[in-house]
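Here's a quick briefing on rings, charges, strands and empty space. Have the model open while you go through the points.

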Amino acid sequence: MAGTGKSTISRTVARELADKGKLAASFFFSRGRGDISHAGMFFTTIATQLAEHVPELEPLISKAIDDHSDIHKQMLREQWQLLIYEPLENAPTQSKQIVVVIDALDECEGKDDMKLILQLLSQAKNLQTIQLRVFVTSRPEIPILLGFGRMPGETHQDFVLHDIPPSTINHDISVFFQQKLSVVKAERGLSTPWPDEPTIQFLVERAAGLFIYAATTYRFIQDSADPKEQLSLILSGEYTSSASPTGNLDKMYTTLLQYSVTGGRGSGEHKALLKRFQQVVGSIVIIFDVLTTENLANLLCLPSLEVKTALDSLRSVLNIPKDESQPVRIFHPSFRDFLLDKQRCSDRGFWINEKERHIDLFRHCLELMSKRLQQNICDIREPGVWITEISKDMIQSVITADLRYACRYWVYHLQQGNSVEEDSRILRFLMQHLLHWLEVLSLIGEVSEGVLMIASLEKIRKVGSDFCFLKSL
């Protein structure tokens, strides 16, 4: 399945399957959100849910884990075979059908992993006892299309949202605009008719079948002191019927950003406002996990108020919870795609240079760790104490989310930034804080990830004997 609205559909399907007792497991990929942005924990998560929801599989999956205690470190193919396929193949139940829901497979960050997941899941057609059905949603990315293209035709059935008649989609978008804007009108006591029917139809034409256009337009209008002015601003933008399927969406994002970030400010402020936008929103767009406003401010070495100010005007594209203990997220990946694409983001002040942002975050991670890391960071008085005996609350109070993020992802930001000018920073940090960093990774249960990061570091930094000491780890 491909197209806009896939997440809503997959969640609806998951609820219906759960109500019927057929949902055995689900996994919702989301780029930039830690463990659900990549395939590392995909099959282990699915296996855990299968063991919980299908009694016949629990002893078989438990035995596989007992026999292969390092299964979480093995490759995806081995995890699929040992944790899922073999238990399903050896299950005693006859003629039982279960369903696994996978949402937004295109949000998985590894292109090869996308194809491999589809290839492995297609083997389910050979199962004789428990019949496994998989419901997958995705945008039509090339790795996804290639993955399905290599399957026999009878293995899968496709349903493409873009194949729905345009009249049906336009009707639904029209109903959405009518209902949502009527609520705004009632809440603000606006005179009728507002908006009139021609305006609704004009908005529907501009949406060009994209619900995200309609949803973002509504949030932009609703989150303002003057909804009429906001709607007029949207309507004043140039309408295009170009071949680009995102042409009007891109123009709407540009209009929204120009109004929300720099609109109404003097020309002298523009440069500072755009720099803050690049720092704050640019970081949210590319980070590997979500952070609260305060944690993001700490990571970027900015005052919390400055970060909040940069975000407050962008509530139509960013999900900023009222509860400040909750993380900030973008509403839809199309906003990220727009900002990272120089061709789509026509206003260069808002275009995010991905490599520059990654290197900037890499440097901020090193700076934060260099300030905060120290020997015995949790002040453990008794030598030889087990990590399991240390209070999680104490660990979290000392190793805050921003420090945890820096320790987990600084190497990956370096990889994505692909800069050759960071060797001195890396060596200085490792010589001063290598053991302190490994101690934190141990406390948060990420030592194995640290070993992988060190291996990655040796591959990407070609600085000769200076890194030889790492090989002794």
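**Rings, strands and a cavity**

Tryptophan 410 is buried, with a relative accessibility of 0%. Keep in mind that this is a predicted model. Below, the aromatic pairs come up, then charges over rings, then a cavity and the strands.

**Aromatic pairs**

- Tryptophan 410 has a ring partner in phenylalanine 429: the centres are 5.3 Å apart and the planes sit at 70 degrees, so this one goes down as edge-to-face.
- The two rings come from distant parts of the chain, with tryptophan 410 in helix 18 (residues 401-417) and phenylalanine 429 in helix 19 (residues 423-443), 19 residues apart.
- Phenylalanine 429 is buried as well, at 2% relative accessibility, because the cut-off for buried is under 20%.
- Across the model, the count of aromatic pairs comes to 19.
- Another edge-to-face pair is phenylalanine 176 with tyrosine 218, at 6.1 Å centre to centre and 85 degrees between the planes.
- That pair also ties together distant parts of the chain: phenylalanine 176 belongs to helix 7 (residues 166-188) and tyrosine 218 to helix 9 (residues 211-222), 42 residues apart.
- Which side of the buried cut-off does each of these two rings fall on? Tyrosine 218 is buried, with a relative accessible area of 16%, whereas phenylalanine 176 is partly exposed at 22%.
- Phe27, Phe29, Phe42, Phe43, Trp80 and Tyr85 group into one aromatic cluster.

**Charges over rings**

- Arginine 219 lies over the face of phenylalanine 331, 3.8 Å from the ring centre.
- Lysine 342 puts its charged end over the ring of tryptophan 351, at 4.4 Å from the centre of that ring.

**The second largest cavity**

- The model has three cavities of 30 Å³ or more, and the second largest has a volume of about 50 Å³.
- What lines this cavity? The lining is made of Phe42, Phe43, Ile46, Leu50, Trp80, Ile84, Val100, Leu121 and Leu132.
- Phe42, Phe43 and Trp80 are among these lining residues, and they also belong to the aromatic cluster listed above.
- By class, the lining comes out as nine nonpolar residues, with no polar and no charged ones.
- Helix 2 (42-53) and helix 4 (76-90) each supply at least two of the lining residues.
- Helix 2 gives the most, with four residues.

**Strands 1 to 3**

- Strand 2 (residues 96-103) is mostly covered, with six of its eight residues buried.
- Strand 1 (residues 23-28) runs parallel to strand 2, and five bridges join them.
- Leucine 23 has valine 99 of strand 2 as its bridge partner.
- Strand 3 (residues 130-136) also runs parallel to strand 2, joined by seven bridges.
- Valine 101 stands opposite phenylalanine 135 of strand 3.
- Strand 2 is therefore bridged to strand 1 and to strand 3, where a pairing needs at least two bridges.

**Lysine 308**

- Lysine 308 sits in helix 14 (residues 304-312).
- Is lysine 308 buried or partly exposed? Lysine 308 is partly exposed, at 28% relative accessibility.
- Alanine 297 and lysine 308 are eleven residues apart in sequence, and their C-alpha atoms are 8.8 Å apart in space.

How values were computed. Residues numbered from 1 in each chain as written. Predicted model: local features only at pLDDT ≥ 70, side-chain atom pairs only at ≥ 80, totals over all residues. Heavy atoms only, no water. Phe/Tyr/Trp six-rings, centres within 6.5 Å; stacked < 30°, edge-to-face > 60°. Buried < 20%, exposed > 50% of the residue type's maximum accessible area, 1.4 Å probe, protein only. Lys NZ or Arg CZ within 6 Å of the ring centre and 35° of its normal. 1 Å grid on protein atoms, 1.4 Å probe; cavity = no way out; pocket = protein on both sides within 12 Å on 5 of 7 lines; lining within 4 Å. Points joined across faces, edges and corners; volume = space filled by probe spheres on them. Nonpolar A, V, L, I, M, F, W, Y, C, P; charged D, E, K, R; others polar.
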